[in-house]
Amino acid sequence: MSIETKARNKRFVQLAVTTALATTALTACTGKTAPSHSYSAAHAEQALTKGNASKAVRHAEAAVLASPRDAYTRTLLANAYLTDGRFASAATTFAEAIELGDTAPRTVISHALAQVAIGDQMGALGTLSRFEDKLDAADYGLAMALAGRPDHGVNVLGNALRGGQNTPKVRQNLAYAYAMQGNWRAARLMAAEDVPAGEVGDRMAEWAALARPEAFTGRVATVLGVQPQADPGQPQMLALSNHPSVDMLAASGEAEQVAAPRGDFAFAEELPPVEAAPAVDDGADVALADAGLAPAGGIRFVGREVVQDTPMQTARPAASRTARAAAPASAAPRSSSGDYNVQLGSFFSMSDANEAWKQFQKRYPELASSERVITKARVNGKIYYRVAAAGFAKASADSMCRTVKGRGDGCIAYAASRKLPGAIAVVDAGVRVASR
């Protein structure tokens, strides 16, 4: 047996995680723009590749804040929490990623394991049952055993083995399921298929030490090869419930938070009200905003597979995703005229809004001939300047927003005749007179 094979066989149960994360500091206003979604996501992946889970968490949390409804980014953050041993945060974030549409087998298995690690066995069983048809038998069987159903896990893995999946992964997962079932003789015989004879006893001792029902966290941590740590939970700012979809916002009469483009100007994280803003004297707020003194409260941001005794899968290089994220966005179809606007950002002053528009045009060449509309709004006593491109047909506006969101920025397509909540007046309509 080669040295490489012996080293490989010494590993316990490993879960190959493609992404990782850690605690982030959500800072107050600094006057600097947030890092882009693609920048933060790429750095999170690089940190995971290098095994720096805490750094990966910081970047992944920033990436989620920049693009809160992107399913891949949620999964990136969840895997980072998992790698960092923060199981409660991982369970919450995996659930959100699945809600956003990431039902890949690795995501589902990782979610179930995180649920097991926090003692939510019923939740884990529900997750596994819901997606059973999509899961590989080797992963599903071991996850079921970890979730408190070792008999079922043994049946699944045994059937897979007899059905032709006679691989080290299936054999060793079956051995572990036998151990959790209390069938130590069968566990030893199956483990010996791939583990050197002199090491089988040590493996049985490791498994026996984790056989107590209350050792669910330790079992999952050992499977993942991570160190559990105190977990304060996912930051509330990142909760998916705080970032409803555009359709949900439209239905409730709210406007979606819109991210700012890159640039050295102050931008606003706007939380519009459901009801129309009251008619009040906002002169003082306007003076503060135009002076660059933003009101307080703005936010600034300066699975592996389940397998025993097989080589860890290498995570896809972050550079490949970085290159993809940096690739020019395809131009959105643009009609010569239309009655839809595309809102791109919300800022604390008119000067920042004008500067942002220039940067939006540089970032998205398809906006070069678009007409600018800047609308003043009052939300919760604060003044904002919303920047939009005007003159789109509905389909073109929707396509433009897909392009913008694909680059990690925020966007809302809305009918020009519909006054967004909090809007006070159009203060700059570019080269044309606009009355909205």
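**Reading cores and helix packing in a predicted model**

Mentor: Let's begin with the nonpolar cores of this predicted model. The largest one has 67 residues, and Phe87, Leu128 and Trp207 are those with the most contacts inside it. Helix H8 (residues 137-146) supplies the largest share of this core, 8 residues.

Trainee: What is the general idea behind looking for such a core?

Mentor: In soluble globular proteins, nonpolar side chains tend to be buried together. In this model there is also a second, separate core of 24 residues, which includes Leu344, Phe347, Tyr385 and Ala389.

Trainee: Let me take one of the core residues. Which residues does Phe87 touch, leaving out those up to four places away in sequence?

Mentor: With those neighbours left out, Phe87 touches Leu82, Ala114, Ala117, Ile118, Thr217, Val220, Ala221, Leu224, Val226, Pro228 and Asp231. Let's follow one of these partners, Val220, which lies in helix H13 (residues 216-224).

Trainee: Is Val220 buried or exposed?

Mentor: The cut-off for buried is under 20% relative accessible area. Val220 has a value of 0%, so Val220 is buried. Its C-alpha atom is separated from that of Phe87 by 9.6 Å, although the two residues are 133 apart along the chain. Besides Phe87, Val220 touches Leu113, Val116 and Ala117, not counting residues up to four places away in sequence.

Trainee: Leu113 has come up now. Where is Leu113 found?

Mentor: Leu113 is found in helix H6 (residues 105-117). With a relative accessible area of 1%, Leu113 is buried. Between the C-alpha atoms of Leu113 and Leu128 there are 9.8 Å, and 15 residues separate the pair along the chain.

Trainee: Polar residues interest me too. What is the setting of Gln115?

Mentor: Gln115 lies in helix H6. Its relative accessible area is 8%, and Gln115 is therefore buried. Leaving aside residues up to four places away in sequence, Gln115 touches Ala91, Asp120, Gly123, Ala124 and Thr127. Gln115 and Phe87 are 28 residues apart in sequence, with 7.5 Å from C-alpha to C-alpha.

Trainee: What about a charged residue in a loop, such as Asp409?

Mentor: Asp409 is found in the loop between helix H18 (394-406) and strand S6 (412-415). Asp409 is buried, with a relative accessible area of 8%. From C-alpha to C-alpha, Asp409 and Gly345 are 8.8 Å apart in space, while in sequence they are 64 residues apart.

Trainee: Let's turn to helix packing. How do I read the pair H3 and H4?

Mentor: Start with the angle and the distance between axes. Helix H3 (residues 53-66) and helix H4 (residues 71-83) pack at an angle of about 155°, and their axes are 9 Å apart. An angle over 145 degrees counts as roughly antiparallel, so H3 and H4 are roughly antiparallel to each other. H3 passes H4 in a left-handed crossing. On the H3 side, the contact is made by Ala53, Ala56, Val57, Ala60, Glu61, Ala63 and Val64, and on the H4 side by Thr73, Arg74, Leu76, Leu77, Ala80, Tyr81 and Thr83. Sorted by class, this contact has 10 nonpolar, 2 polar and 2 charged residues.

Trainee: At what angle do H4 and H5 pack?

Mentor: H4 and helix H5 (residues 87-99) pack at about 165°, with their axes 8 Å apart. That makes H4 roughly antiparallel to H5. Their crossing is left-handed. Among the contact residues are Leu77, Ala78 and Tyr81 of H4, and Phe87, Ala90 and Phe94 of H5. In this contact there are 9 nonpolar, 4 polar and 2 charged residues.

Trainee: And are H8 and H10 roughly parallel or roughly antiparallel?

Mentor: The axes of H8 and helix H10 (residues 168-181) come within 9 Å and cross at roughly 15°. Angles under 35 degrees count as roughly parallel, and H8 and H10 are therefore roughly parallel to each other. The crossing of this pair is left-handed. From H8, the contact includes Ala138, Asp139 and Leu142, and from H10, Lys169, Tyr176 and Met180. The contact of H8 with H10 has 8 nonpolar, 1 polar and 2 charged residues.

Conventions
Residues numbered from 1 in each chain as written. Predicted model: local features only at pLDDT ≥ 70, side-chain atom pairs only at ≥ 80, totals over all residues. Heavy atoms only, no water. Axes fitted to C-alpha atoms, helices over the stretch in contact; angles between N-to-C directions. Helix = DSSP H or I, 4+ residues; strand = E, 2+ residues; numbered from the N terminus. Parallel < 35°, antiparallel > 145°, perpendicular 65-115°, else oblique. Left-handed = near helix turned anticlockwise from the far one by under 90°. Contact = heavy atoms within 4.5 Å. Nonpolar A, V, L, I, M, F, W, Y, C, P; charged D, E, K, R; others polar. Core = buried A, V, L, I, M, F, W, Y, C linked by side-chain atoms within 4.5 Å. Buried < 20%, exposed > 50% of the residue type's maximum accessible area, 1.4 Å probe, protein only.
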